[in-house]
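Work through the following exercises with the model open beside you, and try each task before you read its solution.

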Amino acid sequence: MDLNRVQIFAAVVEHGSFTAAATALGITKATVSRKVAELEENAGVQLLFRTTRALKLTEAGSNYYHRVSRVLSELQQAETQLSASQQSIRGKLKIVCPIELGQLFLGSILARFLKQYPDIQINTELTNRRIDVIEEDIDMLFQIAEPKDPRLTCHAMVKADKMLLASPEYLAQFGTPKAPADLAHHRAIRLVSAHIDGVWKIFDGKQWQIYEPVAQLTVNNVTLAREAAIEGLGIATVPTLIASEALASGKLVPVLEDYPMHQAKITLSYPQSAYLPRRYRVFIEFIYQHLVAQFGDQVLEIPDFININSSQV
């Protein structure tokens, strides 16, 4: 059973419309409609009559609501007793994150989170190695990749924009590429890691082209690639987040801006579970509160259980 769907259905009944339920829950009307439709499809029965003026319960829907409303009420009471205060949210979180993303994004957020939830302990590993969340008993995994493990719940957070960059000195010496085909005549700094194969995927105006750069230097760390590019060793592909200061200072400049690169996403994954522990919920909501504050509508996906408007960061 998807308890989230049941809670959304109950909210629709109690508030009288999809719109009012969405407002109360802090999610979109489309999400409310989709979740109720999924509940009806899984149950194999219509729960609501939808008209242009109002929603009405079917007989099956009325019987179902009266039963689940009691269960939801008891669950709410149990949760209230279990967590009478914010400080009662306790437990441990084991978090893994890519090195550069952790350094730039997680440090201050974790500190603020732990001040707000002093009974939670976090063990964080920054690494670019390949992770098996289940085998290694990881609670949360941040990645700049598309997770393919069906055992995990995954949320796409924001795009990890990247671009080709070089130093002004390098371009003055070797010339500026005018088209992707020109890259074959340039030096490169190649980035290879557990989730990065080192090839450059570039749209040439008609189709995606794959370029395998010939590199004098191959690294598994994007900060090292950035620094080598600043020193004029060659062209590197660097995420905007990592390159922002060097771009602002003019130490690096974009190359082939009119030819977009294939973009990755920053994702958050955790083991699938019928019940999401409260320490997971408050941590994920805290992270998304900061994402929305920093990136606004660039945030790709907000989990259904999060009410951004009610969070206090």
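Two strands are said to pair if DSSP finds at least two bridges between them. Keep in mind throughout that the model is predicted.

**Exercise 1.** Find the strands that pair with strand E3, and state in which sense they do so.

*Solution.* Begin with strand E3, residues 91–97, and strand E4, residues 120–126, which pair in the parallel sense over 7 bridges. Within this pair, Gly 91 stands opposite Ile 120 of E4. Next, follow the chain from E3 through helix H5, residues 99–116, to E4, and you will have traced a β-α-β crossover that is right-handed. Then turn to strand E5, residues 140–144, which pairs with E3, also in the parallel sense, over 2 bridges. Here Val 96 has Leu 141 in E5 as its bridge partner.

**Exercise 2.** Describe the largest nonpolar core, and identify which element gives the largest share of it.

*Solution.* The core holds 32 residues, and those that touch the most other members are Phe 142, Phe 283, Ile 284 and Ile 287. Now list the elements that each supply at least two residues, namely E3, H5, E5, E6, E14 and helix H9, residues 278–295. Of these, H9 gives the largest share, with 8 residues.

**Exercise 3.** Characterise the second largest pocket by its volume and its lining.

*Solution.* The space in this pocket comes to about 1200 Å³. Its lining is made of 48 residues, and nearest the centre lie Ile 144, Ala 160, Lys 162, Ile 196 and Ala 264. Elements giving two or more residues to the lining include H5, E5 and strand E6, residues 152–160. Sorted by class, the lining residues are 24 nonpolar, 14 polar and 10 charged.

Key:
Residues numbered from 1 in each chain as written. Predicted model: local features only at pLDDT ≥ 70, side-chain atom pairs only at ≥ 80, totals over all residues. Heavy atoms only, no water. Helix = DSSP H or I, 4+ residues; strand = E, 2+ residues; numbered from the N terminus. Right-handed = clockwise from strand over helix to strand, strands pointing away. 1 Å grid on protein atoms, 1.4 Å probe; cavity = no way out; pocket = protein on both sides within 12 Å on 5 of 7 lines; lining within 4 Å. Points joined across faces, edges and corners; volume = space filled by probe spheres on them. Nonpolar A, V, L, I, M, F, W, Y, C, P; charged D, E, K, R; others polar. Core = buried A, V, L, I, M, F, W, Y, C linked by side-chain atoms within 4.5 Å. Buried < 20%, exposed > 50% of the residue type's maximum accessible area, 1.4 Å probe, protein only.
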